[in-house]
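User: I would like the reasoning behind the labels put on this model. Please set each value against its cut-off and then conclude.

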Amino acid sequence: MGQFIFIPIIFFGLLILISSFFIVKQQSAAIIERFGRFQGIRHSGLRIKIPLVDRVAGRLSLKIQQLDVIVETKTLDDVFVRLKVSVQYVVIKEKVYDAFYKLDYPHDQITSYVFDVVRAEVPKMKLDDVFVKKDDIAIAVKSELNDAMLDYGFDIIKTLVTDIDPDAQVKAAMNRINASEREKIAAQYEGDAQRILIVEKAKAEAESKRLQGQGIADQRREIARGLEESVEVLNRVGINSQEASALIVVTQHYDTLQSIGEETNSNLILLPNSPQAGSDMLNNMVASFTASNQIGEAMKEARNKKNDEE
């Protein structure tokens, strides 16, 4: 009967002995209290406490942790914007006591400071400046948090503004402005291209006309030189200049008729082909030249007279 009495005692003793051992994981700390009073801090490994006297009041992670805070505020140009601020922090190993006992809810404390700093900095900036100076906002948040949380045993490693989200209507308006600017630039480039094409085309046409005119001038010069040689040859055989000119005109006239007759696809053209046609054309040409010379002389005399009167 006595053996059965010792079995529960032994079992209870084993439970007490086992409960005196506890394990603290790597990169963490355990806070030990004795009858509700702080006793000490235990770090990673197998640790011992006095059963029924000491207890593990809590555990803190010594790893770097991240808290994402979303803040909605207004910019200087009256645009509502939502900012996502990521705060990376760690419990200082030498200040585990402060981190555990001074703050009940460190996340709430950090969130309050983030709200305070962001709503103080962003209203000083226009929306475009918020995107450009987001690093300045992050630095301001980190500076404020470091000063405040260091006394509570927390070290702020880094703060990042990871997202800037304006109102949907504002984003749509910004996209329209951006699209309009790009269309404007595209139109300017297209206009420049069209202007260059027009200028180059005009230059090409001018060069073509110049070369065409030069070709015509050379052609007429060679024709005139050929006529001059023809007249000189006819003069040597006793034909005077007027007769030679008439002969050349008649020859050219019949050469033209022959050339037109050889072209089967030519349109219908009516030309005089009587023997005196060449002589008539020559007389008409001479009369035209004489009349034009007389008109030119008369206009020149009138101009000189007008200048003298002035």
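User: Why is D192 called partly exposed?

Analyst: This is a predicted model, and in it D192 has a relative accessibility of 32%. Buried requires under 20% and exposed requires over 50%. The value for D192 lies in between, so D192 counts as partly exposed.

User: What makes D192 and R195 a salt bridge?

Analyst: The N to O distance between their side chains is 2.4 Å. The cut-off is 4 Å, so the pair qualifies. R195 is partly exposed too, because its relative accessible area is 48% and exposed needs over 50%. Both residues lie in helix α6 (residues 168-236). They are three residues apart, about one turn of the helix.

User: How many salt bridges are there in the whole structure?

Analyst: A search of the whole structure finds six. Another of them joins E33 and R55, with the closest N and O atoms 3.0 Å apart.

User: What makes the E33 and R55 pair a link between distant parts of the chain?

Analyst: E33 is in strand β2 (residues 28-34), and R55 is in strand β5 (residues 54-61). The two residues are 22 residues apart.

User: Is E33 buried or exposed, and how do you know?

Analyst: Buried. Its relative accessibility is 8%, and the limit is under 20%, so the label follows. Its partner R55 is partly exposed, because 44% falls between 20% and 50%.

User: Why does the pair D135 and K134 count as a salt bridge?

Analyst: The N to O distance is 3.7 Å. That is within 4 Å, so the pair counts. K134 has a relative accessible area of 32%, so K134 is partly exposed.

User: Which residues have the most contacts inside the largest nonpolar core?

Analyst: They are L83, I110, V114, V118, I137, V141 and L145. The core has 32 residues. Elements that each supply at least two of them include β2, α3 (106-121) and α5 (134-149). The largest share, six residues, comes from β7.

User: What does V114 contact, leaving aside its neighbours within four places in sequence?

Analyst: V114 is in contact with V69, V71, V85, V87, V141 and L145.

User: What makes β6 and β8 the edge strands?

Analyst: The open sheet of three strands has the order β6-β7-β8, with antiparallel pairing. β6 and β8 each pair on one side only. Neighbouring strands are turned by 20° against each other on average, direction ignored.

User: How do you know that β6 and β7 pair?

Analyst: Pairing needs at least two bridges, and β6 and β7 have 10, so they pair. The sense is antiparallel. I70 stands opposite K84 in β7.

User: Which helix packs on the sheet, touching β6, β7 and β8?

Analyst: α3 does, and its direction makes about 35° with that of β6. A further helix, α5, lies across β7 and β8, running at about 145° to β8.

User: What are the totals for the protein, in helices, strands and buried residues?

Analyst: The protein has eight helices and eight strands. Buried residues make up 22% of its 310 residues. About 22300 Å² is exposed, and carbon and sulfur atoms supply 56% of that area. Among contacts with a separation of 6 or more, 62% come from residues 24 or more positions apart.

Conventions:
Residues are numbered from 1 along each chain as its sequence is written. This is a predicted model: local features need pLDDT of at least 70, side-chain atom pairs count only at pLDDT 80 or more; totals for chains, interfaces and linings use all residues. Side-chain values use heavy atoms; hydrogens and water are left out. Helices (H or I, at least four residues) and strands (E, at least two) are DSSP runs, numbered from the N terminus. Buried means under 20% relative accessible area, exposed over 50%, partly exposed in between (1.4 Å probe, protein chains only). A nonpolar core is a set of buried Ala, Val, Leu, Ile, Met, Phe, Trp, Tyr and Cys residues joined through side-chain atoms within 4.5 Å. Contact means heavy atoms within 4.5 Å. Axes are lines fitted to C-alpha atoms, for helices over the stretch in contact, and angles run from 0 to 180 degrees between N-to-C directions. Accessible areas come from the Shrake-Rupley method with a 1.4 Å probe; for residues, only the protein chains shown count as cover.
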